[in-house]
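Visitor: Can you walk me through this one? I'd like to start with strand pairing.

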Amino acid sequence: MAIPNSLARAARNAVETSPLLREAPQPGAKQKPQLRRYEVSALLENGDVSQTRHIAPALPMFEDAFCAFTRGSLVETQQGPMAIEDLLPGDSVLTHGGSSETVLWKGSVTLIPGREDSRGRTRPLTRIMADTFGMQKPMSGVIAGPAARLLSTPPHLRHLNGGQPMLTPVSEFQDGMGVIQTLPPTPVELFHICLRRHSVIRVDGLQFETYHPGSNAVRTISHSLRSIYLNLFHHIDSLSDFGPLLVPRAGDGEIDAITA
């Protein structure tokens with residue numbers, strides 16, 4: 001499927017004109033916009049599934065929408081465990097509350113976790129060994145992406161929410177034994193999904209969140225990039241359409257609280 005030149009040009013222009021979000025240039029080198037190709041599958045109103053490709057900035061807010069689960073991650077559905085790469089919009093997944101919810105959107109991106117970008121950043125994955133969080137939690141070894149969050153709170157973050165469960169980045173659980181960082185030098189395909197509302201689903205026996213940009217998203221993305229970001233999601237028209245967070249989230253040493 002060809003990618004319209006206008007979309008790639010719009011993404012490049014947005015990065016170039018957004019001083020807060022564009023990549024920092026290397027000393028003595030001309031700045032080049034950092035772009036990435038994102039794959040999107042979306043459920044249409046008539047029940048069909050649309051599959052599109054997008055060229056958009058390689059910025060954290062964009063990448064987080066695609067970088068939670070690696071190929072082979074098993075999502076609990078009404079028909080039993082299903083590999084994330086086989087899951088399609090229109091399929092029903094089981095949520096933490098026991099209900100069945102329809103997948104409206106699935107995104108994927110391929111990147112090399114161990115390769116540094118122009119700012120020296122990598123995209124580490126997190127390997128969780130079997131039974132790390134209890135019997136069959138996870139059922140077997142799990143490799144989660146940098147945007148994955150677990151419904152659990154590590155001891156060093158319990159002060160943030162009075163000891164109550166939070167959605168915490170998997171990297172916060174790294175201990176060098178049961179949960180370790182890994183930086184493959186080869187391409188890795190990563191996925192994320194959206195339901196009608198922010199939810200917690202079971203993946204390989206662990207409780208992970210579905211995608212939500214966070215309650216502070218409107219303050220972290222420039223106006224010029226917002227339309228490019230929203231174009232990735234067929235089922236929403238504005239950031240508020242993602243709805244409230246189901247559970248508070250930990251991130252950057254603070255709480256991303258539930259919003260009404």
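Visitor: Which residue in β16 is the bridge partner of Val 200?
Guide: Glu 209. Keep in mind that this is a predicted model.

Visitor: In which sense do β15 and β16 pair, and over how many bridges?
Guide: Antiparallel, over four bridges. β15 covers residues 200-203, and β16 covers residues 206-209.

Visitor: How many residues sit between β15 and β16?
Guide: Two, and the strands form a hairpin. Asp 204 is in the turn, with a positive phi of about 55°.

Visitor: Switching to β4. Which strand does β4 pair with?
Guide: β5, residues 80-83. That pairing is also antiparallel, with four bridges. A hairpin joins the two strands through two residues. Within the pair, Leu 74 of β4 is bridged to Ala 83 in β5.

Visitor: Where does Glu 76 lie?
Guide: In β4, which spans residues 74-77.

Visitor: Is Glu 76 buried or exposed?
Guide: Buried, and without a salt bridge.

Visitor: What is the nearest side chain of opposite charge to Glu 76, and how far away is that?
Guide: Arg 202, at 5.6 Å. The salt-bridge cut-off is 4 Å, so this pair does not count as one.

Visitor: What is Glu 76 in contact with, leaving aside neighbours within four places in sequence?
Guide: Pro 81, Val 93, Leu 94 and Arg 202. So Arg 202 is a contact of Glu 76 under the 4.5 Å heavy-atom cut-off, but not a salt-bridge partner. Arg 202 falls within the 200-203 range of β15.

Visitor: New topic, Asp 131. Where does that lie?
Guide: In the loop between β9 (125-128) and β10 (142-144).

Visitor: Why is Asp 131 called partly exposed?
Guide: Because its relative accessible area is 39%, and the class runs between 20% and 50%.

Visitor: Which residues does Asp 131 contact beyond its neighbours within four places?
Guide: Gln 136, Lys 137 and Pro 138. With Gln 136, a polar atom of the Asp 131 side chain lies 2.7 Å from the backbone nitrogen.

Visitor: And how far apart are Asp 131 and Gly 178 in space?
Guide: 8.6 Å, C-alpha to C-alpha, with 47 residues of separation in sequence.

Visitor: Last thing, confidence. What does the chain average in pLDDT?
Guide: 86, and 84% of the residues score at least 70. Residues 1-7 are below 50, with eight contacts in the model beyond near neighbours in sequence. Residues 14-26 are also below 50, with 34 such contacts. Where pLDDT is low, the predicted coordinates should not be read in detail.

Conventions:
Residues numbered from 1 in each chain as written. Predicted model: local features only at pLDDT ≥ 70, side-chain atom pairs only at ≥ 80, totals over all residues. Heavy atoms only, no water. Pairing = 2+ DSSP bridges. Buried < 20%, exposed > 50% of the residue type's maximum accessible area, 1.4 Å probe, protein only. Lys, Arg positive; Asp, Glu negative; His and termini not counted. pLDDT = per-residue confidence, 0-100. Polar contact = N/O pair within 3.5 Å; in protein donor to acceptor, adjacent residues only side chain to side chain.
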